[in-house]
Amino acid sequence: DSLVVDRLSAMAPPTILFTAEAAAEQDEAFVHSIGLNGLLELIAIDPSLASYERSLFAESSLRYSRRMQTAEANQKLDRTMEGLLGVLSRHFLSHAAQKALEFLLRHYRIHRHNIA
């Protein structure tokens, strides 16, 4: 039984807002809308986050895949993500930040690529 649970956990999308079952049922557009909503809430109180709406949270970001990028493009993404996470860290306890983080976890897989 524990082997089955381990395999299901490995396949479940990363999430901080939902159960594994609920997260598995959500599509990328839904997660993006939650993340963008959180970012917009944060921009209202911290305008320094506004530039990320047009980059990391842009609708076109849904077509971005780390696996399809060059090492140079991924390094640039990592630098941008580092800047965002630095500013976002001031708001981590807010629900708005958690919504933004949900998108970053699920789409950009920051729990694997941005752990330094």
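I'll start at arginine 109, which sits in the loop between α6 and α7, the latter covering residues 110–113. Keep in mind that this is a predicted model. Phi of arginine 109 is near 55 degrees, a positive value in a residue that is not glycine. Most residues other than glycine have a negative phi. With a relative accessible area of 29%, arginine 109 counts as partly exposed, because buried would need a value under 20% and exposed one over 50%.

Now the chain as a whole. There are 7 helices and 0 strands, so the order from the N terminus is simply α-α-α-α-α-α-α, as helices and strands are numbered from that end. Along the principal axes, the C-alpha atoms fill a box of roughly 50 × 35 × 25 Å. The radius of gyration is 15 Å, and for 116 residues a compact globule would have one near 13 Å, which agrees. If you take contacts between residues at least 6 apart in sequence, 68% of them join residues at least 24 apart.

On the surface, the accessible area of the chain comes to about 7300 Å², and carbon and sulfur atoms account for 56% of it. Of the 116 residues, 35% count as buried. As for charge, the chain carries 12 positive and 14 negative side chains, and the centres of these two sets lie 6 Å apart.

Next, the inside. Which residues touch the most other members of the largest nonpolar core? They are Phe57, Met81, Leu84 and Leu104, out of 23 residues in that core. Helices α3 (28–45), α5 (71–88) and α6 (95–108) each supply at least two residues of this core. The largest share comes from α6, with 8 residues.

Take phenylalanine 57 in more detail. Leaving out residues up to four places away in sequence, its contacts are His32, Gly35, Leu36, Leu39, Tyr52, Leu84, Ala100, Phe103 and Leu104. Two of the residues on that list, His32 and Leu39, I'll go through separately.

Histidine 32 is in helix α3. Is histidine 32 buried or exposed? It is buried, at a relative accessible area of 5%. Beyond four places in sequence, histidine 32 touches Phe57, Ala58, Glu59, Ser61, Leu62 and Phe103.

Leucine 39 is also placed in helix α3. Its relative accessibility is 0%, so leucine 39 counts as buried. With the same exclusion of sequence neighbours up to four places away, leucine 39 touches Leu49, Tyr52, Glu53, Phe57 and Ala100. Leucine 39 and arginine 90 are 51 residues apart in sequence, and their C-alpha atoms are 13 Å apart in space.

The last residue is lysine 99, in helix α6. This lysine counts as buried, at 12% relative accessibility, because the cut-off for buried is under 20%. What does lysine 99 touch, not counting residues up to four places away in sequence? The contacts are Leu17, Ile34, Gly35, Asn37, Gly38 and Glu41. Lysine 99 and phenylalanine 18 are separated by 81 residues in sequence, with 11 Å from C-alpha to C-alpha.

To recap: 7 helices and 0 strands, a largest nonpolar core of 23 residues with its largest share from α6, and a buried lysine 99 in the model. Arginine 109, where I began, is partly exposed and has a positive phi.

Methods. Residues numbered from 1 in each chain as written. Predicted model: local features only at pLDDT ≥ 70, side-chain atom pairs only at ≥ 80, totals over all residues. Heavy atoms only, no water. Core = buried A, V, L, I, M, F, W, Y, C linked by side-chain atoms within 4.5 Å. Buried < 20%, exposed > 50% of the residue type's maximum accessible area, 1.4 Å probe, protein only. Helix = DSSP H or I, 4+ residues; strand = E, 2+ residues; numbered from the N terminus. Contact = heavy atoms within 4.5 Å. Rg over C-alpha atoms; globule rule 2.2 N^0.38 Å. Areas by Shrake-Rupley, 256 points an atom, 1.4 Å probe, with all protein chains shown as cover. Lys, Arg positive; Asp, Glu negative; His and termini not counted. Charge placed at Lys NZ, Arg CZ, Asp CG, Glu CD.
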